Every structure is written in structure tokens, then in C-alpha cells.
Amino acid sequence: MPRLPARVFLPSGRVARLSDEAARRAAAQARAPDIQPGGCMEALTLLEAEDVTRDGDGAPLDVRGLSLRDFHVLRALLLRAGVQKEETAELPCENCGEAFRVAPSSLLEIAPFVDGELDDPELDAPFDHDAAHVIPAIRVGAELARSVRVAARTVEEALPLFRAESAPARITPAIVIAMGITTLGRERRASAIAKALGEAPPEAYQSVADLLYEAHYPARLGAVHRCATCGARSDLDVPWRREIPYEIGEPRKARRDFPDLDAFEAMVASAADRIYRARGVRNIDLFVDDDVPACDDGGEPLLGCYTPGGTDPTLGMPRPPEIRLFYRTFQAEHRRDRSFDVAAEIDETIDHEITHHLHHLAGDDPLDDEEHAQIEEEALRRIGKREATRRAGKGVASELAGFVRTTWPLFVIAFVATYFTFCR
């Protein structure tokens, strides 16, 4: 079980010092029966226990005065260290459907918090609390609201939200204030906003919830799980259980039905005929694959892929180049994003794979190099530069140790032979 780091840098720029021993001592004491295990109130109780948290100068830390972003980092660390018990997520891989079980916080990369590398323009970007953020329309009284403002909140201000985390999702005026929602359209009254959110279409409410997550949780509080069967990545929230309710009303439905396999294949054939002529290419096999999609090196299921021509290993005959489109990835993207334009994405995918083909014929594929560089850059941003250097060093040491383990008899034989030669 990992330990709590002794010092962490928080999104606000503050430094917190943590005592693993004091936190585990506090966790061993009896818990109140009305506190949700693994939740915010339990985390607050532990962080406020004697000697658990101090500021950068060693003085007691005012946990209730922390911003929610800072607090949720500390809560995630408690869960990762096992000081708080985290709910195990039981989910299907969205790519192949294989079920997996995991505690998301166990996969959290904490090195950027420990090393103070919180300067990524996306993962560490501050939330704009002054802006009116666009959302799908929500009826508020006689008007339609199309924007929302979210104010920053401290732990003290969010306590009504923390106390309601174990209760069924219900939006009240106190919850609206604790969430930080200050305006919905032109409406400022918490009671009117609470009523509007409770009756909002699921898609519109979830858009508001996404903004609340963005406002109160750093983007770094996420984990990546790789499917053992197909290699696809699943991006998981950390902490897995969050105090802001996400599902209100019925689950969202796709605006348009996704085309069945026959219709999709017809769309692909039509697009390919047009794009092949425009790009001046031919003799590239085209397939629609309705099996489990392949993934890139980063674990993202592919919309399409290109395979250069060559020799068939089974038949020993020449094999033409191939473009393959993955039906199930298109289907999953359509289900995830209601604005996903299937026809436009088919066109873009075929054109993209033709670009790979033309680069391959030229003997150099800068597009492939760029894609691999983006995957490596994303991984580096997530784990941090210093941690990447440490892991690279461990990898070299591991390889060296493995080399020594497997070749030491040769060294012994060489030494003995040299010794006897010298003796003679």
C-alpha cells in the first residue's frame, strides 16, 4: 500500500505537509455512522485530525478554508494511500465489452503534485469563474437559460453539498449555493435555479455538472485503465465517487439513430469512391470491421487504420495496401457525443488514411511520427518530467540487472579462463 507523500503542491500554489502515520491513526478510530465511507465528510474529518495536515511552514492547515480544488487533491491522496477505503468500480471496457474491476485512485499519477510540476496549459488551467459558460437550454420560469456562472467555493462553503452526498440526488437552494452556481441565464435566485435544474433535460443538466467538475476538480484528478483484453484505455474519475450528482432524470438519448452495418458500409463505399478520385489513388482495399476495434499505442480505439501492402504470410502472395474503418468505434463516438457527424467523420477518416498511404509511398510518414509524438507527449504531461526521468532510470537499471543475471556464468567462465592463462 502506498504511503501519503510528506509534501504536496496544490493547484492553488499552496504547499501541504501530510503525516501518513497520523492519518492512519485517525482512520483507525471509530467513524460516525452517518458519514459516507470514502466521501468528502470522512476526508474532512481525517484531514482535520491532529497532526495530519500542516502548511508549508509547518503550521496547522486550515482545511475548511481550502478551495475545493485543493481539498479534492488531498482527498484523492487519502484514497490512493488506502487511508480512506475507495469503492471499486465495476465497468465494461467500452471497446471490447470485457468487464474489469479497479479502484481508480490506485492508478492516479501523483508525481506532478509531489514535484510541483503543475504548469501544464491544459491539465493545470484555472477555471474562469467570471465567464458565462454556454450550456444547452434550460427553462427558468418563462425564459430559456443558455449560460451558467460558477463561483469558486471553499470547503466551508461546500459543506451542505458534502452532507448531502449519501442522500438521493435532489437539487435544493442550499445545494445550488454550495455548488457555486450564481446565475442560470439571468436568474440569480437559488430557489428558482434549483427548481430549473431539477426539471432540466438530462443532457442540459449534465452539461452543468461537467462545468462543476471542471470548476472544482483539477483535470489531473483522473486515471487511465488499460484493458487486459484489447488494450483500450478507460479514463476514470478520481475520486471515483464525487459529491456533485451527475444523473438527474432519465439517461440521455441519441438525437439520431446510428446507421446499421449495411447502411454504414454503403456510406463508406460512397465516400471512398469520391475521395479516392479526388486524391488520385486506387488499388487500396477498403474494409468495414465490425469486430473489436484496434487501439493506438495510447489505448484509444481507432476510427480507422492503414496497412501498407506486402506479402501475405499465410499464402505467400502479394497483398495490396488496406484501409480499415472500425464500425464499433464510430458507434461509440456517436453514443458519447450527440453532435458527432457520422458522414463527415467517415470522410475525414478515409482521407486521413490515404494521407498515410501517400506518405508511405514517399518513403517517410511524418503524420505517423506526429501521432506517436502526441501519444508520448500526453503520457509525459500526465506523469510529469521528473517522474518520467526516474522511470527511465529504473528501466535502465532493471535492464542492466537482467543482463547481469542472465550472463554472469559467462563472466565467471571468462574470469577462470583468464586466471589459468595468466597462471600458465
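**Reading sheets, burial and cysteines**

Modeller: Start with Gly299. Its relative accessibility is 0%, so this residue counts as buried. Keep in mind that the model is predicted.

Colleague: What cut-off makes a residue buried?

Modeller: Buried means under 20% relative accessible area. By that rule, buried residues make up 41% of the 424 residues in the protein chain.

Colleague: Where in the chain is Gly299 found?

Modeller: In a loop. Gly299 lies between β11 (285-289) and β12 (304-307).

Colleague: Which residues is Gly299 in contact with, leaving aside neighbours within four places in sequence?

Modeller: Arg226, Gly231, Ala232 and Arg233. Look also at Ile375, 76 residues from Gly299 along the chain: the two C-alpha atoms are separated by 9.3 Å. For the whole chain, take contacts between residues at least 6 apart in sequence; 67% of these join residues at least 24 apart.

Colleague: How many helices and strands are there in the protein chain?

Modeller: 13 helices and 15 strands.

Colleague: Now the sheets. How do strands of a sheet pair?

Modeller: Through backbone hydrogen bonds, either parallel or antiparallel. Here, one open sheet has three strands in the order β1-β2-β3, and the pairing is antiparallel.

Colleague: Why is one side of β1 and of β3 left without a neighbour in the sheet?

Modeller: Both β1 (7-9) and β3 (53-55) stand at the edges with a single partner strand each, so one side of each has no neighbour in the sheet. On average, neighbouring strands of this sheet are turned by 30° against each other, direction ignored.

Colleague: How many bridges join β1 to β2?

Modeller: Three, with β1 and β2 (residues 15-18) running antiparallel. To check the register, find Phe9: its bridge partner in β2 is Val15. The hairpin of β1 and β2 has five residues between the strands, and there Gly13 takes a positive phi near 100°. On to β3: three bridges pair it with β2, again antiparallel. Ala16 has Asp55 as its bridge partner in β3.

Colleague: How do I read the two faces of a strand?

Modeller: In a regular strand the side chains alternate between the two faces of the sheet. Take β2: Ala16 and Leu18 form the covered face, Val15 and Arg17 the uncovered one.

Colleague: What is the strand order in the sheet that includes β7?

Modeller: The order is β6-β7-β8, an open antiparallel sheet of three strands. β6 (133-140) and β8 (181-184) are the edge strands, each pairing on one side only. From one strand to the next, the twist averages 35°. Three bridges join β7 (residues 143-150) to β8, in antiparallel sense. One register marker is Arg149, whose bridge partner in β8 is Thr183.

Colleague: Which strands does helix α7 touch?

Modeller: β6 and β8. Helix α7 (residues 190-198) packs on the sheet, and its direction makes about 70° with that of β8. Helix α8 (residues 202-216) packs on the sheet as well, touching β6, β7 and β8; its direction makes about 135° with that of β6.

Colleague: How many disulfides does the count come to?

Modeller: Zero. The rule asks for cysteine sulfur atoms within 2.5 Å. The sulfur of Cys227 has its closest cysteine sulfur in Cys96, 3.7 Å away, so the pair is too far for a bond. Cys227 counts as buried because its relative accessibility is 9%. Cys230 is in no disulfide either; the nearest cysteine sulfur, that of Cys93, is 3.7 Å away.

Terms used: Residues numbered from 1 in each chain as written. Predicted model: local features only at pLDDT ≥ 70, side-chain atom pairs only at ≥ 80, totals over all residues. Heavy atoms only, no water. Helix = DSSP H or I, 4+ residues; strand = E, 2+ residues; numbered from the N terminus. Buried < 20%, exposed > 50% of the residue type's maximum accessible area, 1.4 Å probe, protein only. Contact = heavy atoms within 4.5 Å. Pairing = 2+ DSSP bridges. Axes fitted to C-alpha atoms, helices over the stretch in contact; angles between N-to-C directions.
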